[in-house]
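Reader: Before I rely on labels such as buried or edge-to-face, I would like to see the reasoning behind each one. Could we go through them with the model in view?

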Amino acid sequence: MATIIHAKDLRPGHTFLYKNNIYLVLENSFNKTAMREGIVKCKVKNLRTSTITIEVLTGEKLEQANINKSKCIYSYDDGSNYVFMDQETFEQFEIPKSKLEWEKNFLFEGIEVSIIRYESEILGVILPDQVTIEIESAEEAVQGNTVTNAMKKAWLVTGYEITVPQFIKSNEKVIINTSDGSYVGRGK
């Protein structure tokens with residue numbers, strides 16, 4: 001049986017069905033006026049398309065979407081899909097490349113991720129907050145550049161371009177923040 005949730009009770013992290021889509025609440029605000037019902041404004045992420053929008057929900061009763069997560073390992077790229085294997089059932093899942101435009105920058109063989117799904121529909125992947133990944137190539141350090149925190153360009157084995165300190169070299173491992181793609185530190 002479906003769980004109904006009132007719009008005014010939505011909080012960040014809640015998922016709900018609305019207009020034939022599945023939304024994740026990122027932020028919300030409730031404005032109560034004297035003459036009418038309160039206005040709920042939610043910044044939401046559409047879990048099917050990954051678009052972020054603002055939805056105004058006044059007095060709405062919404063169906064809660066029960067999202068399941070399972071730990072999986074990234075296996076390989078088959079050309080048009082990324083293939084993952086569930087760690088408990090050993091079942092393999094294919095996710096179209098178009099669904100993982102940002103996540104692909106940090107996918108390498110053996111990385112553990114969470115697959116999120118609604119009923120039997122796979123919605124996407126949740127990456128770890130940080131990953132340790134190898135630098136494939138890096139620009140040469142500029143001789144005499146002694147400016148504090150001098151940075152240079154480098155490319156991960158996935159092809160993603162990042163900015164790293166001058167002392168980082170090719171084939172070194174670095175720690176990257178997966179939410180914004182920024183350099184965190186040297187890896188081991």
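Reader: Which residue in β5 does K41 stand opposite?

Author: K41 stands opposite V56 in β5; please keep in mind throughout that this is a predicted model.

Reader: How do you know that strand β4 and β5 pair?

Author: Two strands are taken to pair if DSSP finds at least two bridges between them, and strand β4, residues 39–46, is joined to β5 over six bridges in the antiparallel sense, so the criterion of at least two bridges is met.

Reader: What makes β1 and β5 stand at the edges of the sheet?

Author: The open sheet has six strands in the order β1-β6-β2-β3-β4-β5, with antiparallel pairing. Because β1 (4–6) and β5 (52–57) each have a single partner strand, one side of each is left without a neighbour in the sheet. Direction ignored, neighbouring strands of this sheet are turned by 50 degrees against each other on average.

Reader: Why is the pair of W102 and Y160 called edge-to-face?

Author: Two rings count as a pair if their centres lie within 6.5 Å, and planes over 60 degrees apart count as edge-to-face. The ring centres of W102 and Y160 are 5.7 Å apart and their planes stand at 85 degrees, so both conditions are met and the pair is edge-to-face. This pair links distant parts of the chain, since W102 lies in the loop between β9 (92–96) and β10 (112–118) while Y160 lies in the loop between β13 (151–156) and β14 (161–165), 58 residues apart.

Reader: Why does Y160 count as buried, and W102 as partly exposed?

Author: Buried means under 20% relative accessible area, and exposed means over 50%, with partly exposed in between. Y160 has a relative accessible area of 17%, so Y160 is buried, whereas W102, at 33% relative accessibility, falls in between and therefore counts as partly exposed.

Reader: What makes C42 and C72 buried, and how many disulfides does a search of the whole structure find?

Author: C42 is at 0% relative accessibility, and C72 has a relative accessible area of 0%, so each falls under the 20% limit. The search of the whole structure finds zero disulfides.

Reader: How do you know that the side chain of S70 makes a polar contact with the side chain of R117?

Author: The limit for such a pair of N or O atoms is 3.5 Å, and the contact between the side chains of S70 and R117 is at 2.9 Å, so the distance lies within that limit. S70 is found in strand β7, residues 67–77, and S70 is buried, with a relative accessible area of 13%.

Key:
Residues are numbered from 1 along each chain as its sequence is written. This is a predicted model: local features need pLDDT of at least 70, side-chain atom pairs count only at pLDDT 80 or more; totals for chains, interfaces and linings use all residues. Side-chain values use heavy atoms; hydrogens and water are left out. Helices (H or I, at least four residues) and strands (E, at least two) are DSSP runs, numbered from the N terminus. Axes are lines fitted to C-alpha atoms, for helices over the stretch in contact, and angles run from 0 to 180 degrees between N-to-C directions. A disulfide is a pair of cysteine sulfur atoms within 2.5 Å. Buried means under 20% relative accessible area, exposed over 50%, partly exposed in between (1.4 Å probe, protein chains only). Rings of Phe, Tyr and Trp (its six-membered ring) pair if their centres lie within 6.5 Å; planes under 30 degrees apart count as stacked, over 60 as edge-to-face and the rest as tilted. A polar contact is a pair of N or O atoms within 3.5 Å; within protein, one must be able to donate a hydrogen and the other to accept it, and residues adjacent in sequence count only if both atoms are side-chain atoms.
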